[in-house]
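Let's take a walk through this model and look at its charged pairs, its rings and a few unusual backbone spots. Keep the structure open while you read.

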Amino acid sequence: MLRTYNDWDALLEPEFQREYYAKLSEFIKTEYESGVIYPKMEHVLASLQSTPHHQVKVVLLGQDPYPQSGQAHGLAFSVPIGVKIPRSLQNIYKEIQNDLQGYISNNGCLAPWAEQGVLLLNTALTVRANAAGSHRGSGWEHFTDKIIELVNEKTNPVVFLLWGNEAKNKSRLITKERHLVLTAAHPSPLSARQGFFGCRHFSKCNDFLRRTGQSGIEWQIPNV
C-alpha cells in the first residue's frame with residue numbers, strides 16, 4: 001500500500017479501502033514485477049509527499065509521467081537535476097521568462113515549486129517505459145479526481161492551472177466561486193503557440209494569491 005506519511009493519508013483512507021483502489025494496486029504491482037515502469041515505485045506519490053494537503057495553494061495538472069528513462073520522478077512536468085529539460089517544460093520556462101521578465105533555468109527539477117505549495121499532480125501516476133498513456137484508464141483517474149476534490153474542499157482559495165483539453169475537463173470538479181481556474185493550451189511543442197504562450201498564468205496566479213492574503217510563488221527555478 002502506497003502512503004504519503006503526511007495529512008493526505010487520513011484524507012485518502014476511504015479511497016484506499018475502495019474496490020477500484022484494490023484493483024489498481026494489484027495492477028500496478030503486477031506491472032512493476034513484469035516490466036519497466038516509471039517513476040520508481042517509491043516516487044509514485046511524490047507529488048503528495050512533497051506538498052501536504054494543508055500547504056496546497058496551486059494545483060498544476062499534468063497527464064501522465066514522462067515515459068523515457070531517467071525522466072519521471074513523481075512530479076508533473078519535472079525531471080531530476082542533470083536530466084535534459086523536456087520540450088514542454090522548456091516552453092513553460094519561456095512563458096515564465098516572458099511573463100515575469102526572468103531567466104530560463106538550467107535544470108528541470110520543479111521541487112522548489114512543490115515546497116512552496118504547488119501540487120504537481122499527474123492524472124495517471126505511472127506509465128510503462130516508452131509507452132505514453134499506457135496506464136490511463138487503469139484506475140488512477142478515480143484516485144486523482146478525489147485528490148482534486150479534496151483540494152477543492154480547502155477553505156483557502158487555490159489556483160488551478162489546467163493546460164490542455166484533458167486538464168480542462170477537470171474544471172467540473174472545482175468550485176469556481178472560491179478558487180481561480182486558469183486554462184490554456186498544453187505547453188507541448190504541438191500546441192504551445194495555440195494559446196499557452198502569452199497566457200501569463202504565473203503572474204495571474206501570484207496576483208490572486210496575494211489578493212487572497214497568501215504569499216505568491218517564486219516561479220524562477222534556481223540554477224545549479
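A residue counts as buried under 20% relative accessible area, as exposed over 50%, and as partly exposed in between. With that in hand, glutamate 19 counts as exposed, because its relative accessibility is 58%. One thing to keep in mind throughout: this is a predicted model.

**Charged pairs**

Glutamate 19 has a partner, lysine 23, and the two form a salt bridge with their closest N and O atoms 3.3 Å apart. Why are these two about one helical turn from each other? Because they sit four residues apart in helix α2, which covers residues 19-34. Lysine 23 is exposed too, with a relative accessible area of 55%.

The structure holds 10 salt bridges in total. As a general point, side chains of opposite charge can pair when their charged atoms come close. Here are three of the bridges, including the one just described:

| Salt bridge | Closest N to O distance |
|---|---|
| Glutamate 15 and arginine 18 | 3.5 Å |
| Glutamate 19 and lysine 23 | 3.3 Å |
| Aspartate 145 and arginine 172 | 3.4 Å |

Burial varies within these pairs. Glutamate 15 is buried, at 4% relative accessibility, while arginine 18 is partly exposed at 45%. Aspartate 145 and arginine 172 meet in a salt bridge, and this pair links distant parts of the chain, 27 residues apart: aspartate 145 is in helix α6 (residues 140-152), and arginine 172 is in the loop between α7 (165-168) and β6. Aspartate 145 counts as buried because its relative accessibility is 14%, whereas arginine 172, at 57%, counts as exposed.

There's also a salt-bridge network, which links Asp64, Arg136 and Glu166.

On the surface, a patch of positive charge brings together Lys84, Arg87, Lys94 and Arg193. Where does arginine 193 sit? It belongs to the loop between β6 (180-184) and α8 (201-211), and its relative accessible area of 74% makes it exposed.

**Rings**

Now for the aromatics. The model has 11 aromatic pairs. One of them joins phenylalanine 196 and phenylalanine 197 in a tilted arrangement, with 6.0 Å from centre to centre and 55° between the planes. Are these two buried or exposed to some degree? Phenylalanine 196 is buried, at 0% relative accessibility, but phenylalanine 197 is partly exposed, at 26%.

Both belong to a cluster linked by ring pairs, made up of Phe77, Trp113, Trp163, Phe196, Phe197, Phe202 and Trp219.

**Backbone oddities**

Most residues other than glycine have a negative phi, and most peptide bonds are trans. A few places here go the other way. Phenylalanine 77, a member of the ring cluster, has a positive phi of about 70° although it isn't a glycine. It lies in the loop between β2 (58-62) and α4 (87-100), and it counts as buried because its relative accessibility is 9%.

Asparagine 130 also has a positive phi, about 60°, and it lies in the loop between β4 (127-128) and α6. Its relative accessible area is 58%, so asparagine 130 is exposed.

Which peptide bond is cis? The one from tyrosine 38 to proline 39, with omega near -5°. Proline 39 lies in the loop between β1 (37-38) and α3 (46-50).

Terms used: Residues are numbered from 1 along each chain as its sequence is written. This is a predicted model: local features need pLDDT of at least 70, side-chain atom pairs count only at pLDDT 80 or more; totals for chains, interfaces and linings use all residues. Side-chain values use heavy atoms; hydrogens and water are left out. Patches are made of residues with over 30% relative accessible area and no salt bridge: like charges are joined within 9 Å, nonpolar side chains (Val, Leu, Ile, Met, Phe, Trp, Tyr) within 5 Å. Accessible areas come from the Shrake-Rupley method with a 1.4 Å probe; for residues, only the protein chains shown count as cover. A salt bridge is a side-chain nitrogen of Lys or Arg within 4 Å of a carboxyl oxygen of Asp or Glu. Lys and Arg count as positive and Asp and Glu as negative; His and the chain ends are not counted. The place of a charge is taken as NZ of Lys, CZ of Arg, CG of Asp or CD of Glu. Buried means under 20% relative accessible area, exposed over 50%, partly exposed in between (1.4 Å probe, protein chains only). Rings of Phe, Tyr and Trp (its six-membered ring) pair if their centres lie within 6.5 Å; planes under 30 degrees apart count as stacked, over 60 as edge-to-face and the rest as tilted.
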